[in-house]
Amino acid sequence: MAVECEPVIMSRIEAPPDKDAAAPGNLLDRLLGGLPAEAVLTDPDITASYANDMASFCPAGAPAVVVLPRTVEEVQHVMRTATELRVPVVPQGARTGLSGAANASDGCIVLSLTKMDRILEINPVDRIAVVEPGVINAALSRAVNEHGLYYPPDPSSWEMCTIGGNIGTASGGLCCVKYGVTAEYVLGLDVVLADGRLMSTGRRTAKGVAGYDLTRLFVGSEGSLGIVVRAILALKPQPPEQLVLAAEFASGAAACDAVCRIMAGGHVPSLLELMDRTTVKAVNDLAHMGLPESTEALLLAAFDTADPAADLAALGALCEAAGATQVVPADDAAESELLLKARRLSLTALEAVKGTTMIDDVCVPRSRLGELLEGTERIAEKHQLTIGVVAHAGDGNTHPTVCFDAADPDESRRARESFDEIMALGLELGGTITGEHGVGVLKKEWLAREIGPVGVEMQRAIKAAFDPLGILNPGKLF
Ligand SMILES: Cc1cc2nc3c(=O)[nH]c(=O)nc-3n(C[C@H](O)[C@H](O)[C@H](O)COP(=O)(O)OP(=O)(O)OC[C@H]3O[C@@H](n4cnc5c(N)ncnc54)[C@H](O)[C@@H]3O)c2cc1C
């Protein structure tokens with residue numbers, strides 16, 4: 001996290017028919033023709049504060065203007081203006097992204113959806129919520145809980161990040177091992193297209209297969225195909241409160257062996273997370289949580305079943321068989337919540353180690369998790385760097401987090417190299433470069449390596465169909 005900025009050159013957008021049309025004064029006049037003055041920010045100190053998300057090493061440009069629409073019509077007005085004047089548009093949620101996908105490009109309109117933050121409907125019969133994109137994930141979660149319902153995707157940033165951003169990056173979270181990721185909960189969308197037209201995709205019904213699944217296409221599209229202005233989200237009945245268990249291991253390999261035994265044994269925990277010793281120490285240093293620092297790897301598991309204590313006992317036995325040195329079930333929901341809080345603090349705590357982090361997001365088949373951990377250790381040693389590993393272990397989704405001092409050029413170079421080597425290792429192990437954080441600008445070359453030239457060509461063709469002028473979040477993904 002924390003950022004190094006360079007200007008972004010985005011020169012592929014055609015000039016407008018009238019070359020003076022995109023002059024800053026004209027752009028502002030045109031925007032103000034359909035937006036209230038308070039929704040249009042031009043003070044350079046303020047617009048500069050919208051330049052980046054939370055990724056390191058991602059170039060960012062200077063926005064010409066930041067707009068904060070409150071209605072669908074206002075978003076349509078922005079996109080019509082941008083199309084006419086050929087001005088790039090960068091959609092943004094809360095800018096907690098970790099790949100530079102929300103970073104501004106020079107002269108762009110930053111389209112921040114944070115003021116469109118209404119929950120429009122919660123329907124217990126249809127088990128759906130209809131929301132605007134700026135709704136904060138945790139706010140939605142709490143609102144649906146009041147109706148006995150549950151919205152599972154829960155990124156650790158859930159108190160800050162928006163549903164629009166979650167859809168843009170196809171976010172995951174802690175409970176995905178049982179409940180799946182954002183893509184599984186987005187039933188339908190209203191999207192403002194690049195030229196300002198409004199398109200509805202998907203459905204609010206329990207089933208539906210009419211035509212191509214454009215809803216799914218938009219999930220994870222990183223603001224490159226259209227602006228999400230409304231989402232229909234599937235909800236689940238609220239499960240019983242989960243109970244958490246902490247298991248300590250003398251090595252990462254033993255903890256990964258426990259994960260394999262748990263999954264092969266047919267268990268369905270509601271959470272299965274791993275924190276290595278570096279991460280545990282960082283969390284203790286930041287928040288004095290009293291986690292066991294002698295452990296090499298701490299596994300957190302939970303069940304939200306009718307008898308979580310019995311399920312945890314069976315899972316604890318598997319941890320012991322894999323060599324756990326200690327297995328400690330939480331006494332109650334409060335203690336469980338404390339352990340989860342420690343896990344959610346991990347990335348923030350690792351950032352405090354040296355001031356800056358680069359957070360990998362490599363997801364491997366669970367059966368290869370041990371090899372990824374071992375390889376990451378080798379890479380850390382080779383580059384003489386601290387790399388803490390925190391992982392959604394039950395999904396095989398790891399966040400090896402390179403801690404470095406951004407003021408030290410040599411350390412920064414080694415950080416970038418080790419970050420790349422971890423992605424290469426992930427691909428070698430049959431994994432993906434990103435399980436949930438997206439490609440953005442940080443992993444552009446790596447997307448091409450993962451999906452190959454034909455894959456890139458087809459993805460570009462899709463982009464061209466939705467955004468023929470290339471004005472939507474240019475420079476991201478490819
Ligand atoms: C401490 C910390 C912990 C994190 N933990 C997790 C985690 O556990 N799991 C996880 O998946 N991520 C995690 N993240 C990453 C981040 O929070 C997620 O990627 C999140 O979904 C981003 O949401 P946002 O509102 O901040 O979106 P932004 O960062 O503002 O935008 C993300 C992308 O979505 C696009 N976008 C935003 N709104 C719209 C819209 N309305 N229409 C079209 N495109 C749009 C943007 O252009 C950009 O490409 C974490 C980040 C931090 C800082």
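This tour of a predicted model proceeds from the ligand and its surroundings to a residue in helix 3.

**The ligand and its shell.** Select the ligand first, then display the 37 residues that surround it. P91, G93, T96, S157 and T162 are the closest of these residues. Colouring the shell by class separates 20 polar residues from 14 nonpolar and three charged ones.

**Backbone contacts.** Next, select G93, where a backbone N or O atom lies 2.7 Å from an oxygen atom of the ligand. Move then to A101: one of its polar backbone atoms is 3.2 Å from a ligand oxygen atom. At G165, a polar backbone atom is 3.4 Å from an oxygen atom of the ligand. With a surface displayed, consider the cover around the ligand: on its own the ligand has 990 Å² of accessible area, and the protein covers 98% of that area.

**Elements that supply the shell.** Switch to a cartoon view and select strand 3 (89-92), helix 5 (163-169), strand 10 (227-234) and helix 12 (346-354), each of which supplies at least two shell residues. Helix 5 deserves a separate selection, since the largest share of the shell, five residues, comes from this helix.

**T83 in helix 3.** Finally, select helix 3, which spans residues 72-85, and within this helix pick T83. Is T83 buried or exposed? Its relative accessible area is 17%, under the 20% limit, and T83 is therefore classed as buried. To see the surroundings of T83, add A194, D195, L469 and I471, the residues that T83 touches when those up to four places away in sequence are not counted.

Technical notes:
Residues numbered from 1 in each chain as written. Predicted model: local features only at pLDDT ≥ 70, side-chain atom pairs only at ≥ 80, totals over all residues. Heavy atoms only, no water. Near = heavy atom within 4 Å. Polar contact = N/O pair within 3.5 Å; in protein donor to acceptor, adjacent residues only side chain to side chain. Areas by Shrake-Rupley, 256 points an atom, 1.4 Å probe, with all protein chains shown as cover. Helix = DSSP H or I, 4+ residues; strand = E, 2+ residues; numbered from the N terminus. Nonpolar A, V, L, I, M, F, W, Y, C, P; charged D, E, K, R; others polar. Buried < 20%, exposed > 50% of the residue type's maximum accessible area, 1.4 Å probe, protein only. Contact = heavy atoms within 4.5 Å.
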